[in-house]
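Hi everyone, thanks for coming. I'd like to walk you through one helix and one metal site today, so let me put the structure up.

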Amino acid sequence: MSKLGDNLKIDSARLWDTINETAKFGGTAKGGVRRLTLSAEDKQVRDWFRSACEAAGCEVHVDALGSMFALRRGRDMSKPPIGIGSHLDTQPTGGKYDGILGTLGALEVVRTLNDAGIETELPICIANWTNEEGSRFAPAMMGSAAYVGDFTTDDILSRKDIAGVTVGEALDGIGYRGDVPVGTQKFSGFVELHIEQGPILEAEGKTIGVVDSGQGVLWFDGKITGFESHAGSTPMPLRRDALGTLSEIVLATERVVSTIGALGTIGEAVIANPSRNVIPGEIAFTMDLRSVDDGKLEAIEKGVREAIKEIAAHRKVEVTFDKVWHKPPTHFNKDYIAAVEHAAESLGYSHRRITSGAGHDACNLNTIMPVSMVFVPCKDGISHNELESSTQDDCAAGANVLLHTVLALTGVASK
Ligand SMILES: [Zn+2]
């Protein structure tokens with residue numbers, strides 16, 4: 001038996017137009033977007049988003065960290081809304097889709113329901129989370145992290161960018177320090193649509209990624225202290241070379257993560273006082289380890305620490321290796337995952353379960369409410385780059401899955 005909304009589809013051309021229209025706020029010559037959080041360009045897109053949501057009949061409010069919430073009323077206002085949305089800020093040389101598809105896709109869902117005259121049982125709330133990207137202010141996913149209580153509002157307000165401007169000053173500068181305390185807007189659950197930012201869907205020719213998990217992350221700061229000495233007069237066996245040590249640590253890390261089946265990256269390494277005829281005496285480095293399995297993360301940390309100990313001993317250097325961040329893996333809600341999977345299946349889109357390699361606001365929200373995500377392919381898996389690209393059809397498919405997931409979770413009010 002079919003019910004109201006069963007055959008409903010979003011307006012693909014309208015969604016595509018909004019993506020391209022808003023891309024002019026911070027648009028770059030190479031077709032990307034530079035829209036750092038709380039910048040003048042961010043204010044432009046926020047103003048656009050606010051009026052578009054209001055024009056779609058939503059009530060918009062802003063929290064004390066600038067996260068925006070647009071509420072579409074439901075028949076039963078005694079229950080919190082189903083949240084949908086993502087972020088509108090970008091990397092310094094970012095693309096038109098990362099975060100934007102999820103936010104504008106959510107707007108398109110509301111517009112589609114309006115056009116069809118459908119009232120849902122539960123209300124719907126579109127969210128635009130402040131500073132998902134983390135490129136101007138740390139931490140990344142700041143708005144949603146404070147929302148779930150990982151940081152206090154005051155702590156976040158005092159964070160500074162590289163020019164010394166605080167989050168509080170930046171919010172005031174663009175008029176987006178809202179009067180609603182962080183965490184006031186409650187949700188029954190949340191669904192985020194996003195580009196995959198990886199190559200898997202495209203490689204397998206699948207249209208929809210049903211995201212069931214997100215990787216956990218371990219970050220370390222390391223320091224190797226050897227001894228600086230003359231490149232011409234120090235025999236090889238007597239050297240205490242910090243760079244030679246790091247090289248062994250890099251290779252040992254690759255071995256450990258490959259054996260266990262995870263990811264490991266040494267992304268920063270800085271030689272103190274580098275000189276071509278001096279043996280490096282001191283190096284600071286970072287390490288990023290990722291897996292969807294906390295047990296694997298523990299095993300890798302153990303393996304890497306053992307390797308470092310051995311390498312340091314035979315190289316006769318000191319190595320410190322401090323854990324600075326541990327984000328446990330995300331396992332999304334079974335019912336919400338099933339709702340996304342069912343929507344993809346009933347719409348006839350090819351789909352597969354997938355793990356999110358990157359962090360998302362949805363991963364933060366999942367710690368206090370039921371959450372799932374919808375992924376669509378992006379060309380060559382490229383993201384955080386002006387070349388980031390997705391097709392109109394794939395964007396529309398993602399928004400259709402979002403629409404039908406939302407309809408299933410909110411319920412259509414009977415007339
Ligand atoms: Zn994003």
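Before we start, keep in mind that this is a predicted model.

Let's begin with what packs around helix 2. Its buried residues are covered by elements that include helix 1 (12–22), helix 3 (100–116) and helix 6 (167–174). Strand 1 (59–62), strand 2 (68–72) and strand 4 (124–128) are also among the elements covering them.

Helix 2 itself runs over residues 40–55, so to speak our centrepiece for the first half. From first C-alpha to last, its 16 residues reach 23 Å, close to the 22 Å expected.

Which residues of helix 2 are buried? They are Asp 42, Val 45, Arg 46, Trp 48, Phe 49, Ala 52 and Cys 53. Those residues sit on the same side of helix 2, because they cover an arc of only 160° around the axis. As a reminder, an α-helix has 3.6 residues a turn, so residues three or four places apart point the same way. On the face turned away from that buried side, we find the exposed residues Ala 40 and Ala 55. Just after helix 2 comes Gly 57, with a positive phi of about 85°.

Now for the zinc ion. Its protein donors are His 87 through NE2, Asp 98 through OD and His 194 through NE2, at 2.0 to 2.2 Å. Along the chain, the donors follow the spacing H-x10-D-x95-H. Asp 98, in the loop between strand 3 (82–86) and helix 3, and His 194, in strand 5 (residues 189–195), are 96 residues apart, so this pair links distant parts of the chain.

Are those two donors buried or exposed? Asp 98 counts as buried because its relative accessibility is 4%, and His 194 counts as buried at 1%.

Conventions
Residues are numbered from 1 along each chain as its sequence is written. This is a predicted model: local features need pLDDT of at least 70, side-chain atom pairs count only at pLDDT 80 or more; totals for chains, interfaces and linings use all residues. Side-chain values use heavy atoms; hydrogens and water are left out. Helices (H or I, at least four residues) and strands (E, at least two) are DSSP runs, numbered from the N terminus. The expected span of a helix is 1.5 Å times one less than its number of residues. Buried means under 20% relative accessible area, exposed over 50%, partly exposed in between (1.4 Å probe, protein chains only). The arc is that of the directions from the helix axis to the C-beta atoms. Contact means heavy atoms within 4.5 Å. Donors are N, O and S atoms within 2.8 Å of the metal (3.2 Å for Na, K and Ca); water is not among the atoms, so sites may look incomplete.
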